[in-house]
Amino acid sequence: MDERLVAPESHAQIIDGAVVRTMGANPPHATRHAEVTHVFAGALAEGYAVAVDMLTRTDELNDLAPDVSIFAAADDPATGGRQLEEIAFEVLDSERLSHATGKAEKLIARGVRRVFCVRVADRTVYEWNHDAEGWTTLEPGEEIRDRCFRVPVPAGALVDRVLADDLVARSLLASRNRVLEGALAEREARGEARGEARGARRRTAELILRVLARRGVTVDEGSAARLLGCDDEALLDGYFDRASVVSRAEDLFAPSSP
């Protein structure tokens, strides 16, 4: 895996014996390239790594650099070098699909398990079909399931930023990310505190109604609902004090009541 036909970091690859320079990309290609990496950086299962433009020697005439590669992070126990990627992605802007086809065939022959292609022009995602020896179109909602991923990856997440962010969030939750865990715990604690406060206010309102009932003061539905729905502790304390002296329920709410 570590033998090269071109010098690493030379911004080139060799395809069928010809040197192909890797030029800077236009925004549609470059941004989609980054989005694909964004998706997988968050969704990888434990023990896997993601790389961009990593050279892979496929045979004597080809030293290819898939746009995105996913591979086992541990060194190969037999060679001590890095392991062959298990999944490779190509992102196409102005290139024809045949460009990705040639690379896919060589990568598959080398042992890469799965090869995908994202075509920017029509926001289409393809997977190489081993049986048909061609590309299969993936629907946006179709899930890519693989041991390399912590959670299933919707194909649409490769072309839709909202779906991509949702995927990363699910992945972080699945991995029990400490920041998210802390935020969820804090939110839960705040929710419990609010619930306890609501419960205390409710008990105060019910106690006011009991005092009025024992004194024979009739409480209409509107006044009862106003008491039970009050979320101001100071007001409830005032209502409680007045409950022992008012003769009508509506007098609880009058500013001039004693």
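# A guided tour of the model

The protein has six helices and twelve strands. Keep in mind as you look around that this is a predicted model. Start with the whole chain in view: 258 residues, of which 40% are buried. Show the surface, and you have about 14,500 Å² of exposed area, with carbon and sulfur atoms supplying 50% of it. Now think about which parts of the chain meet. Among the contacts with a separation of 6 or more, 55% are between residues 24 or more positions apart.

**Stop 1: the six-stranded sheet**

Select β3, β6, β7, β8, β9 and β10. Together they form an open sheet, and its order is β3-β6-β7-β8-β9-β10, with mixed pairing. Which strands stand at the edges? They are β3 (48–52) and β10 (134–138). Each of these has a single partner strand, so one side of each is left without a neighbour in the sheet. Turn the view to look along the sheet: neighbouring strands are turned by 25° against each other on average, direction ignored.

**Stop 2: strand β9 and its two hairpins**

Next, select β9, residues 124–129. Is this strand mostly covered or mostly uncovered? It is mostly covered, as five of its six residues are buried.

Look first towards β8. The strands β8 and β9 run antiparallel and are joined by four bridges. One pair to pick out is Cys117 with its bridge partner in β9, Tyr126. The two strands make a hairpin with four residues between them, and Arg123 in that turn has a positive phi of about 55°.

Now look towards β10. Here β9 and β10 pair in the antiparallel sense over five bridges. Tyr126 appears again, this time with Thr137 as its bridge partner in β10. Another pair to click on is Trp128 and its partner in β10, Trp135. These strands also form a hairpin with four residues between them.

Zoom in on Glu133, which is found in the loop between β9 and β10. Its phi is near 50°, a positive value in a residue other than glycine. Is Glu133 buried or exposed? With 63% relative accessibility, Glu133 counts as exposed.

For a second example of this backbone feature, select Asp53, in the loop between β3 and β4 (56–59). Phi of Asp53 is also positive, near 55°, and this residue is not glycine. Asp53 is partly exposed, with a relative accessible area of 37%.

**Stop 3: the nonpolar core**

In soluble globular proteins, nonpolar side chains tend to be buried together. To see a case in this model, show the side chains of Phe40, Ile70, Phe89, Phe149 and Leu158. They are the residues with the most contacts inside the largest nonpolar core, which has 23 residues. Which elements give two or more residues to this core? They are α1 (27–43), β6, β7 and β8 (114–119).

Stay with Phe40 and display what surrounds it. Leaving aside neighbours within four places in sequence, Phe40 is in contact with Val50, Val68, Ile70, Phe89, Phe149, Val153 and Leu158.

**Stop 4: Arg82, a buried arginine**

Move to the loop between β6 (68–72) and β7 (87–92), and select Arg82. How buried is Arg82? Its relative accessible area is 14%, and buried means under 20%, so Arg82 counts as buried.

Show the side chain and look for its polar partners. One polar atom of the Arg82 side chain lies 2.7 Å from the backbone oxygen of Leu55. A polar contact of 2.8 Å joins the side chains of Arg82 and Thr56. Beyond its neighbours within four places in sequence, the residues in contact with Arg82 include Met1, Asp2, Met54, Asp75 and Asp76. You can also draw a distance line between the C-alpha atoms of Arg82 and Ala72: these residues are ten apart along the chain, and the line spans 8.0 Å.

**Stop 5: Ile14 in strand β1**

Finish at Ile14, which is found in strand β1 (residues 12–15). With 9% relative accessibility, Ile14 counts as buried. What does Ile14 touch, not counting residues up to four places away in sequence? Its contacts are Leu5, Val6, Val19, Leu61, Asn62, Asp63 and Leu64. For a last distance line, join the C-alpha atoms of Ile14 and Arg4: ten residues apart in sequence, they are 9.6 Å apart in space.

Key. Residues numbered from 1 in each chain as written. Predicted model: local features only at pLDDT ≥ 70, side-chain atom pairs only at ≥ 80, totals over all residues. Heavy atoms only, no water. Buried < 20%, exposed > 50% of the residue type's maximum accessible area, 1.4 Å probe, protein only. Contact = heavy atoms within 4.5 Å. Areas by Shrake-Rupley, 256 points an atom, 1.4 Å probe, with all protein chains shown as cover. Polar contact = N/O pair within 3.5 Å; in protein donor to acceptor, adjacent residues only side chain to side chain. Core = buried A, V, L, I, M, F, W, Y, C linked by side-chain atoms within 4.5 Å. Pairing = 2+ DSSP bridges. Axes fitted to C-alpha atoms, helices over the stretch in contact; angles between N-to-C directions.
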